[in-house]
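Q: Please take a close look at a single part of this model and describe its setting in connected prose. A formal account, suited to a computational chemist, would be appreciated.

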Amino acid sequence: MRSTPRPGAVSSTVRRGLVAAAVLALGSTAAVATATSASAAVACKVNYSASEWQGGMSANLTIQNLGDALNGWTLTFSFPNSSQKVTQGWSGNWSQSGTNVTVTPLDWNKSLSTGGSASIGFNGSWSGSNPAPTDFKINGVACNGTGPTQSPSASPSVSPSASPSPRVSPSASPSPRVSPSASPSPSASPSSSPPPPGTHVDNPYADATGYVNPDWSASAKSEPGGSRVANISTAIWLDRIAAISSGSAGNNSMGLRDHLDEAVRQDAANGSAPLTIQVVIYDLPNRDCSALASNGELKIAQDGLARYKSEYIDVIAGIMADSKYSNLRIVTIIEPDSLPNLITNVNNFQACQEAQSSGAYVQGVQYALNKLHAIKNVYTYVDAAHHAWLGWDNNFQPMVNLFYQVATGTTAGVNSIDGFIVNTANFAALTEPYFNINTSVNGQSVRQSHWVDWNWYVDESSFATGLRNALVSKGFPNTIGMLVDTSRNGWGGSARPTKASTSTDVNTFVNESRVDRRIHAGNWCNQSGAGMGERPRANPAAGFDAYVWIKPPGESDGSSSAIDNDEGKGFDRMCDPTYTGNSLNGNNMSGALGGAPVSGHWFSAQFQQLMQNAYPPLS
C-alpha cells in the first residue's frame with residue numbers, strides 16, 4: 001500500500017521571497033478585450049462575495065456563462081463609492097479608472113463553455129463605506145439575475161486592525177479562488193430510478209451500494225468495536241503486479257478477479273440497486289518518487305514503463321472487460337501522488353527527475369486512461385493530491401495545466417477522465433469550521449500564520465471546489481465530479497476544538513481553532529490523534545460525486561523502523577515517531593505512531609485510535 005505524500009510546496013522562505021513579485025502593478029496592465037465570436041449570444045451571472053476590515057477588503061467573483069460559449073471575455077463594473085480601489089487582483093488582468101473596473105482573462109481562463117465558470121478576485125481599500133458593486137457586465141452585456149452579496153467572513157474575524165497587511169499572492173500567476181464554505185450545501189437528491197445496469201452514468205456513486213471488501217471487513221471485525229464500521233465500502237489497492245492474481249495480494253488474500261466475483265455476488269444480493277467497487281491503480285515505474293515507504297517494484301531504467309503497460313494495465317483492463325462484470329460500476333483511482341510529484345518534487349528527487357525526463361508518469365497515466373475509459377462500466381478518477389501540497393499559486397495552476405495536457409493526450413481527450421480525487425490516504429480536514437481563508441486576526445490574514453503558510457486553502461472542501469472550477473475553466477467538461485477520501489480526516493475526540501479561539505495572535509488563533517491536529521500539514525504517515533471521517537456517501541455537495549474511503553482504515557502508511565519485506569517497500573523517516581523532520585515539514589516532529597508495520601499491513605493500534613477519534617462519532 002501507499003503512504004500519503006510529502007507536501008510539494010516550495011519552502012516558506014522561497015514562497016515569501018516571491019511575494020514582492022506577486023503584487024500586480026494595476027496601472028501597467030492594459031484593459032484590452034479578448035476577441036470573441038461575433039455571433040456569440042452573451043448571458044451571464046456574477047456572484048460577488050467579500051470580507052472586509054476597516055479600510056480594506058478581499059473579494060471573490062465567480063463569472064458564470066449562461067449563454068453561448070465564449071472565447072474571451074471582458075468583465076466591467078463600477079464601485080458605488082469613489083474611495084473604493086482595487087490594490088491587487090488575481091486570475092485576470094485588472095485595471096481601474098475612477099470608479100470603473102475592467103478585468104480581462106489570462107490565457108488559461110479566457111474560454112468559457114456554456115455553463116462554465118471562472119473564479120477571479122482582488123484585494124482592495126476603501127474609506128467611509130464599502131457597498132458592493134451591482135452593475136456587472138460581460139462584453140458589455142448586463143449580467144441579469146446577479147445576486148451580489150457582501151458580508152464578513154463566515155468564520156470569526158478577531159479585532160481587525162486599522163492597517164491590515166495587504167494580502168498578496170506568493171507567485172506572479174495566481175490561481176483561481178473560491179470562497180470556502182464551512183458547510184457545503186448538498187446537491188440535488190439522486191434519482192430514485194437508476195438507469196439500466198452497465199450504463200455509463202455521470203456519478204457512479206449515485207443510487208448505488210458500495211462493495212464491502214471481505215478481507216478488510218474481517219480485519220475490522222477482529223478488533224473490539226470494529227463491527228461498527230466493518231460493512232463500510234473501502235477500496236481495493238493493486239500496488240504491484242502480483243496483487244492482481246488470486247492469493248497474491250500481500251495483506252489481502254483476494255486478487256482482482258476474486259473481488260469482482262464477490263462484487264457480482266453482493267450486487268445480486270442487493271436487489272435492484274447497482275453496486276460500485278473501487279480499485280486503486282498504483283504501480284507506475286518509479287512510483288512514489290519523493291517517498292520511501294511505498295516505493296514500487298517497477299523502475300524506469302529497467303523497462304518499467306513497458307512492463308507497466310503489458311503486465312499491469314493490460315491485465316487489469318482485460319479482467320475488468322469481462323462481460324460477467326458489465327453490470328458493476330467499477331471506479332478506478334488513477335495513480336496517487338504521481339502527477340503532483342512532477343509539479344513539486346522534480347528538483348529535489350532523482351527518481352522524480354527521471355519520471356519527468358522520460359515521460360513515464362504522463363505516458364503511463366495516459367495509457368491507463370485509454371485502456372480503462374474504453375470499458376463502458378469503468379470510471380476513472382485521477383489523483384489530485386491535497387490542499388497542503390498544491391494550494392499555493394506556484395503549484396496550483398501548473399497542476400491544472402498538467403492535468404489538461406495529460407487528458408488532451410488521450411484518445412478521448414478530456415472525456416477520458418470522469419473526475420478527480422483529493423486527500424487520498426491523507427489526513428487533511430474536510431472542512432475547518434472555525435475559520436476560512438478570508439478570516440483575519442488583529443489585522444493579519446490567517447494566510448500569514450505558520451500553519452496556513454500563505455496557502456490559499458485551509459481544507460479539502462474549499463480546495464476541491466477551487467480545483468474543479470479551475471479545471472472546468474481550463475476546458476474539462478462541467479460534468480466532472482470530485483471525490484474526497486474521508487477515511488482518516490475526522491479529527492474528533494477530546495482534542496477537537498468546539499469553537500473559534502479568542503486569541504488576537506494569528507498563530508495562536510489558528511492553532512487553537514483548527515480541527516486538523518497534526519503537528520504540521522506536511523506530516524503524512526500514521527498520524528497520531530487522527531480519526532475516521534465522514535462515512536462514504538454520494539452527492540454530499542455541489543460538484544462532489546462522493547465522500548469515499550479509499551485508504552482502508554487500519555492499514556499502515558509505512559513502518560516505524562526498517563523492516564525487510566518482499567514488496568519493494570522501503571523505510572521512510574517520516575514514519576518514525578522519533579524523527580525531527582526536514583525542510584518539507586518545517587523541521588517538525590513527524591507525528592507518526594510507533595509500532596507500525598510495512599505499508600498496507602494491518603495496524604491494530606491505529607485502527608483503534610481512528611475509531612476512538614471518529615468524527616462524526618461512531619454509534
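**Arg537 and its setting**

A: At a relative accessibility of 38%, Arg537 counts as partly exposed, because this value lies between the 20% limit for buried and the 50% limit for exposed. The model is a predicted one. Arg537 belongs to strand S21, which covers residues 537-541. Leaving aside residues up to four places away in sequence, Arg537 touches Asp545, Ala546 and Tyr547. A further relation spans a long stretch of the chain: Tyr205 is 332 residues from Arg537 in sequence, yet their C-alpha atoms are 7.7 Å apart in space.

Other elements of the model can be described alongside this residue. An open sheet of 5 strands is arranged in the order S6-S7-S4-S10-S11, and its pairing is antiparallel. Strand S6 (93-97) and strand S11 (141-142) stand at the edges; each has a single partner strand, so one side of each is left without a neighbour in the sheet. Within this sheet, strand S4 (residues 75-78) and strand S10 (residues 137-138) run antiparallel and are joined by 2 bridges. Leu75 has Ile138 as its bridge partner in S10.

Helix H8 comprises 14 residues, 360-373. From its first C-alpha to its last, H8 reaches 19 Å, close to the 20 Å expected at 1.5 Å a residue. The buried residues of H8 are Ala360, Tyr361, Val362, Gly364, Val365, Gln366, Ala368, Leu369 and Leu372.

Key: Residues numbered from 1 in each chain as written. Predicted model: local features only at pLDDT ≥ 70, side-chain atom pairs only at ≥ 80, totals over all residues. Heavy atoms only, no water. Helix = DSSP H or I, 4+ residues; strand = E, 2+ residues; numbered from the N terminus. Buried < 20%, exposed > 50% of the residue type's maximum accessible area, 1.4 Å probe, protein only. Contact = heavy atoms within 4.5 Å. Expected span 1.5 Å × (residues − 1). Pairing = 2+ DSSP bridges.
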